[in-house]
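Student: I'm new to this one. Can we go through what the labels mean and how you get to them?

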Amino acid sequence: MQAIFTSNDTPLGECRLRLVRADNPGPLTGPGTNTFILGRGRVAVVDPGPDLPAHRAAIGAALDPGERVAAVLVTHAHLDHSALAPRLAREMGAPVLAFGGATAGRSPIMARLAEAGMPSGGEGIDSGFAPDERLADGDRLGLGGVTLTALHTPGHAAGHLAFEADDPDIGILAGDVILGWASTLISPPDGDLTQYLATLARLEGRAARVLRPAHGDPVTDPAARIAELRRHRAERMAAIRAALSHGPATPAELVARIYTDTPRPLWPAAARNVLAHLIALIETADVTTTEPLDANGLFRLT
């Protein structure tokens with residue numbers, strides 16, 4: 001168990017943010033899922049993480065004697081964030097709060113793709129997740145001396161929430177929409193690049209002092225990181241258009257042309273990411289495809 005506090009010179013009794021990192025490192029999770037404990041006394045647990053006995057024990061050990069978990073908050077319904085939520089909530093007698101289930105908030109085009117049979121990309125969707133209470137964009141929660149505002153931040157997942165604290169030193173708990181060590185995976189029909197770009201613009205407008213991802217270290221220069229992520233997506237769009245200038249291709253064929261430095265085990269995830277960019281390019285009329293839209297379909301420039 002690793003507990004990290006907002007400031008090394010902040011007395012433990014005054015600190016209102018603790019982090020317990022789950023032991024689930026991997027290509028898509030980095031060093032592991034960051035579970036945050038917010039407040040003192042009557043606290044919130046944000047993203048309880050995977051259902052691992054050692055992680056559950058570490059969360060309990062990070063609580064002070066007499067502290068009570070008053071709410072379990074989940075940024076989105078992926079197993080590395082939500083799997084432990086039901087058991088932790090049951091044992092602590094606290095409700096689970098989130099935007100909704102795994103499919104809540106899908107854009108119309110993504111809903112159509114799912115209804116047409118496009119499967120999820122296999123990124124650990126928690127299909128059975130159901131919160132006890134739903135949070136809407138702008139809802140506010142006061143817990144343990146910290147007030148949180150729920151921000152609907154879709155893109156990585158349709159029902160993704162970030163949580164903005166009234167304490168600028170805590171900043172925004174950003175879930176998976178902004179990572180400090182990698183770009184966010186966007187996999188249709190659960191992820192939506194058009195929504196994601198809008199989310200980047202919204203977070204940029206919040207002008208937070210710090211963003212705290214659910215994987216990796218805090219982002220202490222949010223404006224620079226958001227600009228970098230936006231530039232990365234624009235470069236990927238340009239690379240896809242350049243690859244399609246040589247002729248129609250499937251997402252898998254585009255990955256082979258573009259992701260030449262990426263290990264092959266990551267190519268399936270890259271293909272879902274390429275598909276997300278292709279769908280965004282269809283929405284701007286830069287690309288067309290055969291109907292119905294399919295993850296293995298042939299795409300061409302307009």
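**Burial and salt bridges**

Tutor: Sure, and keep in mind that this is a predicted model. Let's begin with E164, which counts as buried at 15% relative accessibility.

Student: What makes E164 buried?

Tutor: Buried means under 20% relative accessible area. E164 has 15%, so the label buried fits.

Student: And why is R206 called partly exposed?

Tutor: Partly exposed is the range between under 20% and over 50%. R206 comes out at 34%, so partly exposed is the right label.

Student: How do you know that R206 and E164 meet in a salt bridge?

Tutor: The rule asks for a side-chain nitrogen of Lys or Arg within 4 Å of a carboxyl oxygen of Asp or Glu. Here the N to O distance is 2.5 Å, and the pair passes. R206 lies in helix α5 and E164 in strand β10 (residues 161-165), so the salt bridge ties together parts 42 residues apart in sequence.

Student: What makes R202 and D137 a salt bridge?

Tutor: Their side chains meet at 2.7 Å, N to O, and the cut-off is within 4 Å. R202 sits in helix α5 (residues 193-206), while D137 is in the loop between β7 (133-134) and β8 (140-143).

Student: Why is D137 called partly exposed?

Tutor: Its relative accessible area is 40%, and exposed would need over 50%. R202 is partly exposed too, at 28%.

Student: How many salt bridges does the rule give?

Tutor: The count comes to 14.

Note on methods. Residues numbered from 1 in each chain as written. Predicted model: local features only at pLDDT ≥ 70, side-chain atom pairs only at ≥ 80, totals over all residues. Heavy atoms only, no water. Helix = DSSP H or I, 4+ residues; strand = E, 2+ residues; numbered from the N terminus. Buried < 20%, exposed > 50% of the residue type's maximum accessible area, 1.4 Å probe, protein only.
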